[in-house]
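User: Could you zoom in on one strand in this model and walk me through how it sits among its neighbours? I'd also like the charged pairs around it and elsewhere, with cut-offs spelled out.

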Amino acid sequence: MKAVVFDQFKTFPTLKDVEKPTPGPGEVLLKVAGAGACHSDVAIFSEFTEDFGPAQMKPSFTLGHENSGWIEEMGPGVEGFEKGDAFLVYGPIGCGHCKACSRGQDTYCENAAGMRYLGTGLGRDGGMAEYMVVPARNLVPLGEADPVAAAPLSDAGLTPYHAIKKSLHLLGGGDKFALVIGLGGLGQLAVQILTALTGATVIATDTKEEAMKAAEARGAVIVPGGEGQAEKIREITGGKGVDAVFDLVGVGPTIELGMTVAASQGRVTVVGIAGGNYQWNFYTTPYETELANTYWGTIEELHEVVALYRAGKIEPDVQVYAMDEALQAYHDLHDGKLSARAVVAPHGR
């Protein structure tokens, strides 16, 4: 079968023929419906080195941590699935027996340092292939919903959803404001999730006109980046500031913007992993404002994300590529040419 393989650091992945995997005990073989191309994949092959990056990311393995597919075969001990049924894949894989994993919070596995991989496509063979093997416990049913478009929900949907749930206590009731900084794939879904879960006024900001128009069409109040950006955001809130800020970029200026416009007792969540720094100061920070980060989410939350998708409350923007075009999808992502999430559909749509 064909697969996109990360062979060595600082080198673009290759599309090659590899052996079709066989499911082991507790696993299933999926016929891949869709595999999302994420900036985290680009970091793996373009930024990480032998000495920089998670120890579990050593080559070689198949990329792809945003995956969906149809049941093809069940491994020993697996029951309750029917061939052809569609599922979304929860990407993180922890030890399975620590306290965090028992909560479905594999992202915070207490034994992660001793694991051979962090998840599918993250040290373990992922879904940028015609078939993939997945632990049966990591499957979330999609029902009749389109599995190809659903693929990015496993990260681009789950990651902002988890961050937003951590701030829901600040967004209940009237006269509440949320700010989304960065309107790429995660940001567009964040706008939709906030609209679906809260009655807050959703403010959205970016520097790209097309992205801002898409967010505005989804009900967001748009503030373009540039001069006077913070003042315009505060003006929309009546001067009190934003109750919950979600920074989907994570560079120094965006973190600073979030802290500048946050309300007292508000919360700024850095979701983007650009690695920016922020100089905290007691006198310039609104009182009791929290600055936090989050990472991915739980499998229970992914069930909730899928419920929103199946109900038509959220819809990822996707650009579909054939398996033979998979490397082009990564080139387009790397070069900033995408206006939607690239999804590779090995078996067509």
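Analyst: First, the exposure terms: a residue is buried under 20% relative accessible area, exposed over 50%, and partly exposed in between, using a 1.4 Å probe and protein chains only. Keep in mind that this is a predicted model, where local features need pLDDT of at least 70 and side-chain atom pairs need 80 or more, while totals for chains, interfaces and linings use all residues. Residue numbers start from 1 along each chain as its sequence is written, and side-chain values use heavy atoms, with hydrogens and water left out.

Let's take strand β3, which covers residues 27–36. (Strands are DSSP E runs of at least two residues, numbered from the N terminus.) Nine of its 10 residues are buried, so the rest of the structure largely encloses β3.

Now the pairing, which takes at least two DSSP bridges between two strands. β3 and strand β5 (residues 66–74) run antiparallel and are joined by eight bridges; one register point to look for is Val32, whose partner in β5 is Gly69. With strand β9 (residues 131–135), β3 shares five bridges, again antiparallel, and there Lys31 is matched with Tyr131. Strand β18 (residues 341–344) is also antiparallel to β3, through two bridges, and Gly36 has Val343 as its bridge partner in β18.

What about charge on this strand? The structure holds 11 salt bridges, counted when a side-chain nitrogen of Lys or Arg is within 4 Å of a carboxyl oxygen of Asp or Glu. One involves Glu27 and Arg124, with closest N and O atoms 3.1 Å apart. Since Glu27 belongs to β3 and Arg124 to strand β8 (residues 123–124), the pair ties together parts that are 97 residues apart in sequence. Glu27 and Arg124 are both buried.

Compare that with Lys83 and Glu72, another salt bridge, where the closest N and O atoms are 3.9 Å apart. Lys83 sits in the loop between β5 and β6 (86–89) and Glu72 in β5 itself, so this pair links parts that are 11 residues apart in sequence. Lys83 is exposed, at 60% relative accessible area, and Glu72 is partly exposed at 24%.

A third salt bridge joins the side chains of Asp7 and Lys16, at 3.2 Å from N to O. Both ends are partly exposed: Asp7 has a relative accessible area of 31% and Lys16 has 32%.

On the nonpolar side, β3 residues turn up around Leu139. Counting contacts as heavy atoms within 4.5 Å and skipping neighbours within four places in sequence, Leu139 touches Val28, Leu30, Ile71, Phe81, Phe87, Leu88, Val89, Val134 and His303. Leu139 and Leu63 have the most contacts inside the largest nonpolar core, which has 79 residues. Apart from that core lies another, of 14 residues, including Ile203, Val223, Ile233 and Met259. (A nonpolar core here is a set of buried Ala, Val, Leu, Ile, Met, Phe, Trp, Tyr and Cys residues joined through side-chain atoms within 4.5 Å.)

Finally, a side note on a smaller set of strands: β2, β1 and β4 form an open antiparallel sheet in the order β2-β1-β4. Its edges are β2 (14–17) and β4 (61–62), each pairing on one side only. Strand β1 (residues 2–6) is joined to β2 by four bridges, with Val5 standing opposite Thr14.
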